[in-house]
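Visitor: Please take a close look at a single part of this structure and describe its surroundings in detail.

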Amino acid sequence: MRLARKVAMVTGAAQGIGAAIAGEFAKAGAVVYALDRSPRLEATCTQICEAGGKAFSSRLDITDHQAYSDLVSNIVQTQGRIDILVNNAAIAYYEELLNSSLEHWREIQAVNLEAQYIGCKLVAPHMMKAGWGRIVNIASTQAIATEATVGAYAASKGAIISFTKSLAVELAPFGINANAIAPGCIHTPMSIVNGVDETTTESFQTWYVGKRKIPLARAGRPEEIARVALFLASDDASYVTGHTLVADGGLTITF
Ligand SMILES: NC(=O)c1ccc[n+]([C@@H]2O[C@H](COP(=O)([O-])OP(=O)(O)OC[C@H]3O[C@@H](n4cnc5c(N)ncnc54)[C@H](O)[C@@H]3O)[C@@H](O)[C@H]2O)c1
């Protein structure tokens, strides 16, 4: 029970990596507030509760800053504190530069980057008061090595890594550690692009698996990122801050 008596907030927790993090944290004893705009969230929280965990579903769009602020106030009123924040929710559009829109660029930054900033701003004062806190920001290997058509997404993820470093410096005197995780190819609903599961296509199997472009020769599972998040959210990571932990099966270490 590495998170016993901790109160955690996880964004984008209805499915994929966020749902796995919420489940893992609840299993480790945390009271989890799961945030998402998707109606799937209730089922995810029910599943966590049925497995013996404590998870409350909070349906909201994290770009609605007033709703986000009201929720944080309610949690603090009910629980007295928030110890852990995982900024996980994100979106992606795949568009060539010349066919891309400023609207989509701004939407991506608003969800992936700005909402992380807002979340930190809302929660940090309560962690500072307690003298302990953990912030885990989900970035991506797209921030390190990238490809065509994902400029806005890659830019948002690169900014998350820089933002996390600055946060770590600023919040260290208050007992708050801030770290990022850069997942590689993880099998989640996000890996389904235009109806095609990118982790099962022939080209993925040939290049990433067959040629071991991913040295571990497979896509990752959401639980494998959740366990990294658990480490960073726990006392085990007491001397780790400002770090980006790459969890990609080795994808970014090879040519
Ligand atoms: N799946 C991968 O291969 C992969 C790789 C690298 C990084 N990541 C990162 O991991 C995180 C989780 O990804 P995933 O694959 O589980 O994605 P996903 O699309 O399966 O889940 C994302 C969740 O975020 C929620 N969400 C999106 N916008 C929201 C908003 N405005 N308000 C509230 N909720 C919102 C969605 O409803 C969804 O439930 C993201 O930050 C993503 O960028 C994923």
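Guide: The side chain of Asp36 reaches the backbone nitrogen of Ala13 at 3.2 Å, and that of Ser38 at 2.9 Å. This is a predicted model, in which local features need pLDDT of at least 70 and side-chain atom pairs count only at pLDDT 80 or more, whereas totals for chains, interfaces and linings use all residues. Residues are numbered from 1 along each chain as its sequence is written, and side-chain values use heavy atoms, with hydrogens and water left out.

Asp36 lies in strand E2, strands being DSSP runs of at least two residues numbered from the N terminus. Asp36 is buried, that is, under 20% relative accessible area with a 1.4 Å probe and protein chains only. Asp36 nevertheless has no salt bridge, a term that requires a side-chain nitrogen of Lys or Arg within 4 Å of a carboxyl oxygen of Asp or Glu. The nearest side chain of opposite charge, Arg37, is 5.6 Å away; Lys and Arg count as positive, Asp and Glu as negative, and His and the chain ends are not counted.

Neighbours within four places in sequence aside, Asp36 is in contact with Gly12, Ala13, Ala14, Leu41, Ser58, Arg59 and Leu60, where contact means heavy atoms within 4.5 Å.

As for the wider setting, the largest nonpolar core has 35 residues. Such a core is a set of buried Ala, Val, Leu, Ile, Met, Phe, Trp, Tyr and Cys residues joined through side-chain atoms within 4.5 Å. Strand E2 (31-36) is among the elements that each supply at least two residues of this core.

Conventions. Buried < 20%, exposed > 50% of the residue type's maximum accessible area, 1.4 Å probe, protein only. Helix = DSSP H or I, 4+ residues; strand = E, 2+ residues; numbered from the N terminus. Polar contact = N/O pair within 3.5 Å; in protein donor to acceptor, adjacent residues only side chain to side chain.
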